[in-house]
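Open the model in your viewer and keep the selection panel at hand. The stops below go from one selection to the next.

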Amino acid sequence: MGRNLSPAMQLATAVLSCALLTASGCAEKATPMPTYKRNSAPNQQYDLTVVVNNAPGPFASVHGSMQYDIANRDCLPPAEGLAVAQTTPISTFIPITLMRVNETTFEGRIALDGLVDGDYFGHGVCHFKPIGPSFSLKATGASGETKFVASRWAEDLEREPQADTYYLRSGYPRHRDISDYPDTGESSPNAYKESLRGELFSVSVTARKVQQ
């Protein structure tokens, strides 16, 4: 979701650095990740409604998370040992509690100011930037099934309350060739060739700002 390295890529970078720097004791020097403080009284909240349209089957597994990134990297600990790249993750994800309204509709709430800025590493105050919510839908949740992903940018929620993501129905419940395929879809049916546009389903994510 984020414009920076994904958590998986960040982890891979850290693991590779440790593998190359065994002699320098990378594992022992790694900075422990702090627990970021949650905002107990956020004032930038949005109610989200997720609706599945024309799906080829049910979705028993639906999960959501809100991504925040550390905007100023100078607050992070410096690279350790012989490492030249910053390996401390800048992204963190807060689960979104979703309520199933019916077989195709889910509701949840997010806060753009969900984390509290603070000096978490001893190098100055870290400022959190909201990136946006993402939702993952799977037919049953079983291993190997396609994971249909619908995401929104935080900066677009008020300007564009509803956004739709379109997917090929043939990818449900599993991709023909790829196990655990992450299908991020397309923002318009026109992204697919005309012969396939009648074989799509969509997930819409609608945001409504909570009035304080």
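Select Pro 173 first. At 36% relative accessibility, Pro 173 counts as partly exposed, because that class lies between buried (under 20% relative accessible area) and exposed (over 50%), with a 1.4 Å probe and protein chains only. Pro 173 sits in the loop between strand 8 (162–168) and strand 9 (182–183); strands here are DSSP runs of E with at least two residues, numbered from the N terminus. This is a predicted model, in which local features need pLDDT of at least 70 and side-chain atom pairs count only at pLDDT 80 or more, while totals for chains, interfaces and linings use all residues. Residues are numbered from 1 along each chain as its sequence is written, and side-chain values use heavy atoms, with hydrogens and water left out.

Now show the peptide bond between Tyr 172 and Pro 173: this bond is cis, with omega at about -5 degrees. Add Ala 139, Glu 145 and Thr 146, which Pro 173 touches when residues up to four places away in sequence are not counted; contact means heavy atoms within 4.5 Å. Thr 146 is 27 residues from Pro 173 along the chain, yet their C-alpha atoms are separated by 5.9 Å.

Stay in the loop between strand 8 and strand 9 and select Asp 180. Its phi is positive, near 60 degrees, in a residue other than glycine. Asp 180 is partly exposed, with a relative accessible area of 39%.

Next, go to the loop between strand 1 and strand 2, where Asn 54 lies. Asn 54 is not a glycine, but has a positive phi of about 60 degrees. With a relative accessible area of 52%, Asn 54 is exposed.

Move into strand 1 and select Asp 47. Is Asp 47 buried or exposed? Asp 47 is buried, at a relative accessible area of 17%. Its side chain and that of Arg 109 are joined by a polar contact of 2.6 Å; such a contact is a pair of N or O atoms within 3.5 Å, and within protein one must be able to donate a hydrogen and the other to accept it, with residues adjacent in sequence counting only if both atoms are side-chain atoms. Leaving aside neighbours within four places in sequence, the contacts of Asp 47 include Gly 108, Thr 206 and Val 210.

Finish with the largest nonpolar core, which has 36 residues. A nonpolar core is a set of buried Ala, Val, Leu, Ile, Met, Phe, Trp, Tyr and Cys residues joined through side-chain atoms within 4.5 Å. Select Phe 59, Ile 70, Ile 110, Leu 137 and Val 203, the residues with the most contacts inside this core. Among the elements that give two or more residues to the core are strand 1 (45–53), strand 5 (105–111) and strand 10 (200–209). Around Ile 110, not counting residues up to four places away in sequence, the residues touched include Leu 48, Met 66, Ile 96 and Leu 157.

How values were computed: Helix = DSSP H or I, 4+ residues; strand = E, 2+ residues; numbered from the N terminus.
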